[in-house]
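Biologist: Let us go through this model together. I will ask, and you answer.

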Amino acid sequence: MTRLSIALTGAFQGDFIQVISMASAEQSKSRLPTGKLSKAGVMSFLSAQGILIFFLLGMFVFSFFSEQFLSQSNIMTVIRQASIIGIIAVGVTVVIIGGNLDLSVGSMLSFSTVLVVDLHDKVGPTNAILMMFALTLMIGAVNGILIGFLRLNSLIVTLAMLSAIQGFVLIYSGGQNVDIADQEGTWFAFFGRGYLGGIAVPILLFGLLAILVQVVMSYTGYGRRIFAVGGNPMAAVYSGIRKNWCVFSTYLISAFCVACAALVLGSRVMGSQNNVGQGYELLVLAGIILGGTSLLGGAGSIWKTVVGVLILGFIQNGLLLMGYPYYIQWIVTWVIIILAVWLDLANKRKSLFTTHS
Amino acid sequence: MTSIKGFFRGRTKIQPIWVFVIALFIFFSFMSEYFLSFGNITNILVQTSTIGLIALGMTLVMINGNIDLSVGAILGLAASLAVGLQEISMTLAILAALGSGILLGAINGLIVWKTGVNAFIVTLGAMLGIRGLIFLYTGEQSFYAMNFAFSDFGTSTIGPFPVLAIIFLICTLIMHLVLTRTGHGRNTFAVGGNPEASIDAGIRLGRHMMINFIIVGFFAALAGVMLASQMGAATPNLGRDYELWVITAVVLGGTKLTGGYGSIVGTLGGVLAIGILRNGMNLMQVPAFYVLVILGAILISVLIIDKKLNAPSTKEVRI
């Protein structure tokens, strides 16, 4: 890797140094000593903006292969389809910034969607939505207590919750799929199919949630505390942050986002399979990783996650428009994840086994 | 107990999971008259051999402090190759299947080694990508084995013992010896326990991790071939969610996610616990949904008990 990256950046370096030295020979000697800065400069530029460059490049390529790709209606369709994964990803990003993981969101999505659809006919839409939010937040609280207060490993706890919640869904629904009886005469459809000011409601919900959480994470004391807990838990505790409560709250946020996604999904389909959320946790993680948020915690941002999720959506849509089968996107995603993370690490690589073996 | 301890020579204590396995065993033999028959016991071993084989490799990877989420997909690809290539030659098909596991394990390991990216991310990507490769290769079709030698192998027995169970037990023994008696095993514990110190001790960290990824890839492929021969077919979705079952089994067996601690004996216990639980509840005619809930609850309780028992001697910072 080291040799390859030197060779790669060497190729850039040659041009860059020439250009710089031709433009201002003295300056390049005094302010830009040797080729080191150009290497670091190129790499840090790529790693900081890498994901956006990928995004724009991908859009550019796809727009050549398919005329419909850059049409307004197509872009809106893609964003609307990506909004469910996006809404969940906003919540999971907060959990990851706090230094943990949440693999149970897929099962939780199945649970909440089945619940809200099933309750719709029994207690009416308003009560169904309220009960669904309450129960989903309760599951989030269970995650939060186990991981925040009992300090168990988040990967395994949410893995266990994944199977347990899926079991609950199957017990609750008796293995049957659920449907809303009167599909026409209910305002419940608004969340998944409605439009507000010409924009689809799922997109609005996704955008609002992303902006809200981004503002909370960047401009409030609460957001700073989550970053502190994820970055250095020990230091956070010593500076008086109540770490357990912070971790607990991130799981409530994640559960809240899942409930919103279930609202959109249930209302769009007006019914639900009992395994509808299966595999969502992995797509959500793929989106977050594509956005460049590190799984180590303490870093990341919501807008990066939004970009990552949109990239996933556009890859899928672009490949479909080009006539490739849907599973090609998984292979492309694999390659892009590795490239994206590699670029991200290229100039802050401190890993033991890359430097010492 | 001391004699058993002596036999396993220090590295492996009696794992708490075995107490649980024995308790389950006694419980189910009282609850169902069919449970304690020779046929059913070997049946459990055959049923668990798929997850069990992968869990052997996963134990090494997790002791190293890594994780491999792509095993289910590798299993699916190997099964498809083993059945799909039989038209050309059966030997070639099986070699290609096992080779694909080794190759994909090596790719995972190489990326983790050369980029320093968290194994969770690398193998998550691989899991999606390899599943894509399976669909690409199979064209979303299921393959059926036309070679009877292949499909008979999965149900054949040596004397009264099923071949698949024997393969699983032999592999378990080999991996136990590798982990406890060889330099590679010692290094695995060292790398997971303290990476800096193991570098200072001259262990080539990246290469070492890569070898363990290759081992788990190979075992996933072997499990895929065995599953395909048992079913006489391969579907593109074969092995879905297996990574979750495997990780559950390994964690139940006491291996730490943080690395540096674990054992094959424990993993065998974890695999058997899951197998007995599924089999026993099946015999008691409990719907499969309940097994998921019970398994999740057990996994979390094991974590809590483990946390309480192994609380660090120096008091942790509270709140």
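Modeller: First, a definition: a polar contact is a pair of N or O atoms within 3.5 Å; within protein, one must be able to donate a hydrogen and the other to accept it, and residues adjacent in sequence count only if both atoms are side-chain atoms. The model is predicted: local features need pLDDT of at least 70, side-chain atom pairs count only at pLDDT 80 or more, and totals for chains, interfaces and linings use all residues. Residues are numbered from 1 along each chain as its sequence is written, chains are lettered from A and ligands numbered from 1 in the order in which they are written, and side-chain values use heavy atoms, without hydrogens and water.

Biologist: How many residue pairs are in polar contact across the interface of chain B and chain A?

Modeller: Salt bridges (a side-chain nitrogen of Lys or Arg within 4 Å of a carboxyl oxygen of Asp or Glu) number zero between the chains. For residue pairs in polar contact, both at pLDDT 80 or more, the rule finds three.

Biologist: Which helix of chain B gives the most to the side that touches chain A?

Modeller: Helices are DSSP runs (H or I, at least four residues), numbered from the N terminus. Several supply at least two residues each, including helix 5 (90–115) and helix 11 (205–231). With 15 residues, the most comes from helix 6.

Biologist: Which residues of chain B does F120(B) contact, leaving aside neighbours within four places in sequence?

Modeller: Contact means heavy atoms within 4.5 Å. In chain A, F120(B) touches L101(A), L103(A), L155(A), L285(A) and L295(A). In chain B, the partners are I67(B) and L69(B).
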